[in-house]
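Trainee: Could we go through this model together? I would like to hear the reasoning behind each label.

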Amino acid sequence: MSQNEPMSPRGYDELLREFKYLKDIEKPRVNQEKQRAAELGDRSENAEYHAAKEKLRHIDKRLFYLNSMIEKAQIIDPSVLNHSRAHFGATITIADINSDEEFSYTICGTLESEPENGLISVHSPLAKAMLGKEEGDEFSVHLPGGKKSYEVSAITYTDIFSLKKNIRTEKDFGFK
């Protein structure tokens with residue numbers, strides 16, 4: 001049984017958008033490139049032909065990955081959830097128990113995550129440690145820098161895509 005892959009409704013829509021773009025636009029375009037290059041003659045020394053073939057390989061690998069994510073997708077709309085506990089889509093503010101330094105993280109899907117912008121995958125150790133916690137709860141987690149202890153100081157809801165800095169477009173999907 002494959003693991004479910006939680007994602008927001010918009011995250012799922014973005015996943016489908018990339019899949020359809022690659023399948024319906026990019027792959028046929030690169031196939032034409034490959035065909036044109038093949039018509040130029042000797043394929044063994046034809047750089048354009050080999051480049052197009054390589055692009056098709058990358059497109060097929062990406063399509064396979066995206067398809068597996070679509071099949072495992074578990075769409076969760078965090079805006080309708082109760083925000084008294086940390087859950088998928090919640091923004092959790094935590095304080096380091098030793099330094100009082102505060103951090104805010106939003107738990108999201110793998111394809112939606114941007115750790116550098118506080119959007120962390122539901123599968124990350126920190127997200128797993130926070131899930132189910134309420135304001136005032138303390139928890140410890142093993143991170144790359146060692147074991148850290150935190151207290152949950154706030155749980156709020158902010159739309160995941162309003163926090164994202166790296167929203168991909170068609171030009172990001174392609175293999176130019």
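Trainee: What makes up the lining of the largest pocket, by class?

Mentor: Remember first that this is a predicted model. The lining of the largest pocket has eight nonpolar, five polar and eight charged residues. Glu and Arg count as charged and Leu as nonpolar. That fits the residues closest to the pocket's centre, which are Glu14, Glu18, Leu111, Glu112 and Arg168, out of 21 that line it. The space in this pocket comes to about 310 Å³.

Trainee: Which elements supply at least two residues each of that lining?

Mentor: They are β1 (5-7), α1 (9-38) and α2 (47-72). The most comes from α1, with four residues. The lining also draws at least three residues from each of domain 1 (5-75) and domain 2 (90-159).

Trainee: Staying with α1, why is Gln35 called exposed?

Mentor: Gln35 sits in helix α1. Its relative accessible area is 52%, and exposed means over 50%, so Gln35 earns the label. As for its surroundings, the C-alpha atoms of Gln35 and Glu48 are separated by 9.9 Å, with the two residues 13 apart along the chain.

Trainee: Now to the strands. How do you know that β3 and β4 are paired?

Mentor: Count the bridges. Pairing needs at least two, and five join β3 (residues 90-96) to β4 (residues 102-108), so the two strands pair, and they run antiparallel. Two examples help: Thr91 has Thr106 in β4 as its bridge partner, and Ile92 stands opposite Tyr105 in β4.

Trainee: What other strand does β3 pair with, and in which sense?

Mentor: That is β7 (residues 146-157), joined to β3 over seven bridges in the antiparallel sense. There, Asp96 faces Tyr150 in β7.

Trainee: And how many bridges join β4 to β5, and in which direction do they run?

Mentor: Three bridges link β4 to β5 (residues 119-121), and these two strands run parallel. Ile107 is matched with Ile120 in β5.

Trainee: Why is β3 described as largely enclosed?

Mentor: Seven of the seven residues of β3 are buried, so the strand is largely enclosed by the rest of the structure. Buried here means under 20% relative accessible area. Side chains in a regular strand alternate between the two faces of the sheet. In β3, Ala90, Ile92, Ile94 and Asp96 point one way, while Thr91, Thr93 and Ala95 point the other, and all of them are buried.

Trainee: What makes Asp100 stand out in the turn?

Mentor: β3 and β4 form a hairpin with five residues between them, and Asp100 lies in that loop. Most residues other than glycine have a negative phi. Asp100 has a positive phi of about 65° although it is not a glycine.

Trainee: Is Asp100 buried or exposed, and how do you know?

Mentor: The cut-off for exposed is over 50%. Asp100 has a relative accessible area of 62%, so it is exposed.

Trainee: What does UniProt place at residues 83-157?

Mentor: The UniProt record, an unreviewed entry, gives the feature "domain: Transcription elongation factor GreA/GreB C-terminal" there. Such annotations may be inferred rather than shown by experiment. In the model, the chain over residues 83-157 is 8% helix and 47% strand. The end C-alpha atoms of that stretch are 7 Å apart.

Terms used. Residues numbered from 1 in each chain as written. Predicted model: local features only at pLDDT ≥ 70, side-chain atom pairs only at ≥ 80, totals over all residues. Heavy atoms only, no water. 1 Å grid on protein atoms, 1.4 Å probe; cavity = no way out; pocket = protein on both sides within 12 Å on 5 of 7 lines; lining within 4 Å. Points joined across faces, edges and corners; volume = space filled by probe spheres on them. Domains from an automatic or database assignment. Buried < 20%, exposed > 50% of the residue type's maximum accessible area, 1.4 Å probe, protein only.
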